[in-house]
Amino acid sequence: MDGGIRPEVTGARRIVVKVGSSSLTTAGGGLDADRVDALVDVLARILGDPAAGKEIVLVSSGAIAAGLAPLGLDRRPKDLARQQAAASVGQGLLVARYTASFARYGRRVGQVLLTTDDTSRRAHYRNARRTLDQLLAMGAVPIVNENDTVATDEIRFGDNDRLAALVAHLVRADLLVLLSDVDGLYDGDPSTPGTSRIAEVSGPRDLEGVSIGSAGKAGVGTGGMVTKVEAARIAAAAGIPVVLTSASRAADALLGRPTGTLFHRTGRRSADRLLWLAHASAPRGALTLDDGAVRAVVQGTGSLLPAGIAAVEGEFSAGDPVELRDGAGRAVARGLVAYDAGEIPQLLGRSTRDLARELGPEYEREVVHRDDLVVLHR
């Protein structure tokens, strides 16, 4: 049963709000100006109380959906090139619509397009945080989206849910609000009689036996409930409470009223960039470790040295994310590699001292530094 006003929400100062394509566009593609304005009305009211001192970062899907109608497409294309073309056209329309809508309240917006590569690398991560912090300090509303136009892998729809969780951690948010066309998490298909909304989730056990559906109703977005629950899990584990509800109930959610599903914090904040490395990076290759190196990486506090590597696969460059696997092929960790793939075979099983003596002092270094490594399985 729902309780009263939620202190986790009312006490939040910096809030990340994510809205899905289905809440902003028509089923046939194209932005619905009334829906955008309705959302902005809610956000502007929250921002309009100086005493509350609220800040909002908006993670908005909708670029590809907004670009469909202008390009004469009647449905979301399956091929990457046309997806990127639609994103290119639609992103401009999306930000223009937000710019005009927030201007009614004297608010400026700033576009921030992110890729996983931007945010797993240390320097890029710091730059992304600095930009978002500065926009907020200057009173602007950052509008964040994944940079679909230049994606090199197939665009993963629904990933903006996960992006929102990671952005919430990036900006040290106090709250994440996920808005879609469903008013919360249900213990079954919401259209089936007898199912009920889950008001609060305190941990994974609360979701045992819950059937989580995958599809939205509008047909222009592909982020279903699975991605939203996963995003909520990531944020909650990083110490950020999450409210999941429909866009039509955004005002109630942001005012702390008992709507939707509240996911309570389940953990504390971890090293910022490592959260991105664990949940947002796509490995470009893999290193197989011997048993001693596996123990050192998983249980210890050391870096990965050449002596502990048994095999290498994939094509990658220095700075790329790679999987670290045990002898059975299980990924036990992920890290940013300090060498190109072509350099590593000559390093396998050798000490850094020997390598420095034979190849030069620049080879007396770790293959993956501990600061650039996150453990996945212990």
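Helices here are DSSP runs of H or I with at least four residues, and strands are runs of E with at least two. The model is predicted.

**Exercise 1. The chain as a whole**

Find how many helices and strands the protein chain has, and what share of its residues is buried.

*Solution.*
1. Count the elements. The protein chain has 12 helices and 13 strands.
2. Apply the cut-off. Buried means under 20% relative accessible area.
3. Read off the share. Of the 378 residues in the protein chain, 51% are buried.
4. Turn to the surface. The accessible surface of the protein chain is about 16,600 Å², and carbon and sulfur atoms hold 49% of that.
5. Look at the contacts. Take those in the protein chain with a separation of 6 or more: 73% of them link residues 24 or more positions apart.

**Exercise 2. The length of α8**

Check whether the span of helix α8 agrees with its number of residues.

*Solution.*
1. Helix α8 covers residues 225-237, which is 13 residues.
2. The expected span is 1.5 Å times one less than the number of residues.
3. That gives 18 Å for α8.
4. The end C-alpha atoms of α8 are 18 Å apart, so the two values agree.
5. Now the burial. Buried residues in α8 include Met 225, Lys 228, Val 229 and Ala 232. Ile 234, Ala 235 and Ala 236 are also buried there.
6. Move past the end. Just after α8, Gly 239 has a positive phi of about 90°.

**Exercise 3. An unusual phi**

Locate Arg 172 and describe its backbone and its exposure.

*Solution.*
1. Arg 172 lies in the loop between α7 (159-170) and β5 (175-180).
2. Most residues other than glycine have a negative phi.
3. Arg 172 is not a glycine, yet its phi is positive, about 60°.
4. The relative accessible area of Arg 172 is 35%, so this residue counts as partly exposed.

**Exercise 4. A five-stranded sheet**

Work out the strand order of the open sheet, its edges, and the helix that packs on it.

*Solution.*
1. The order is β10-β9-β11-β12-β13, with mixed pairing.
2. β10 (309-314) and β13 (373-375) are the edges. Each has a single partner strand, so one side of each has no neighbour in the sheet.
3. On average, neighbouring strands of this sheet are turned by 20° against each other, direction ignored.
4. Take one pair. Strand β12 (residues 331-336) runs antiparallel to β13, and three bridges join them. Gly 335 is opposite Leu 373 in β13.
5. Add the helix. α11 (residues 291-298) packs on the sheet and touches β9 (285-289), β11 (321-325), β12 and β13. The direction of α11 makes about 110° with that of β9.

Definitions and conventions. Residues numbered from 1 in each chain as written. Predicted model: local features only at pLDDT ≥ 70, side-chain atom pairs only at ≥ 80, totals over all residues. Heavy atoms only, no water. Buried < 20%, exposed > 50% of the residue type's maximum accessible area, 1.4 Å probe, protein only. Contact = heavy atoms within 4.5 Å. Areas by Shrake-Rupley, 256 points an atom, 1.4 Å probe, with all protein chains shown as cover. Pairing = 2+ DSSP bridges. Axes fitted to C-alpha atoms, helices over the stretch in contact; angles between N-to-C directions.
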